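Open the model in your viewer and have the selection tool ready. We will take a short tour, one stop at a time.

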Amino acid sequence: VAVLNGLVMLTFIKELRQTLDVHAATWQGAILRLRPVLMTACVASLGFIPMALATGTGAEVQRPLASVVIGGIISSTLLTLVLLPIIYRWMNEKSH
């Protein structure tokens, strides 16, 4: 999920770079891909909530696993939305 979100973000920014400069392309790419990235992350993390709240047989293994996956999806989404456009802008400004 994290890799696909990052790939969607970078592909869209590269398409915008054909018509816009680096600053405008990263800003527009981050804003316009905010909803698709958030929707993907929310669906993936909400799917693990039943596993995180399980109380039946095997729950002592499932609960920690689900909480780690949910935390990883949330943190990777924040990094994709905030850090990835910043790094992309920084790397492309240095190359010019």
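Start by selecting helix α1, residues 2–16, together with α2. In this predicted model, their axes come within 9 Å and cross at roughly 135 degrees. An angle over 145 would count as roughly antiparallel and 65 to 115 as roughly perpendicular, so α1 is oblique to α2. The crossing of α1 past α2 is right-handed.

Next, show the side chains where these two helices touch. From α1, pick Met-9, Phe-12, Ile-13 and Leu-16. From α2, pick Ala-25, Thr-26, Gln-28, Gly-29, Ala-30 and Leu-32. Try colouring this contact by class: seven of its residues are nonpolar, three are polar and none is charged.

Now for the largest pocket, with about 160 Å³ of space. Which residues line the largest pocket? Select Thr-26, Trp-27, Ala-30, Ile-31, Leu-34, Leu-81, Val-82, Pro-85, Ile-86 and Arg-89. Thr-26 and Ala-30 may look familiar: they belong to the α2 side of the contact with α1, and they also line the pocket.

Colour α2 (22–32) and α5 (59–94), the elements that each give two or more residues to this lining. Which element gives the largest share? That is α5, with five residues.

For a last view, colour the pocket lining by class. Eight of the lining residues are nonpolar, one is polar and one is charged.

Conventions. Residues are numbered from 1 along each chain as its sequence is written. This is a predicted model: local features need pLDDT of at least 70, side-chain atom pairs count only at pLDDT 80 or more; totals for chains, interfaces and linings use all residues. Side-chain values use heavy atoms; hydrogens and water are left out. On a 1 Å grid over the protein atoms alone, a cavity is a set of points where a 1.4 Å probe fits but cannot get out, and a pocket is an open set with protein on both sides within 12 Å along at least five of seven lines; lining residues have an atom within 4 Å of a point. Grid points are joined across faces, edges and corners, and a volume is the space filled by probe spheres set on the points. Helices (H or I, at least four residues) and strands (E, at least two) are DSSP runs, numbered from the N terminus. Ala, Val, Leu, Ile, Met, Phe, Trp, Tyr, Cys and Pro count as nonpolar, Asp, Glu, Lys and Arg as charged, and the others, Gly among them, as polar. Axes are lines fitted to C-alpha atoms, for helices over the stretch in contact, and angles run from 0 to 180 degrees between N-to-C directions. Angles under 35 degrees count as roughly parallel, over 145 as roughly antiparallel, 65 to 115 as roughly perpendicular and the rest as oblique. A crossing is left-handed if the near helix is turned anticlockwise from the far one by less than a right angle, and right-handed if clockwise. Contact means heavy atoms within 4.5 Å.
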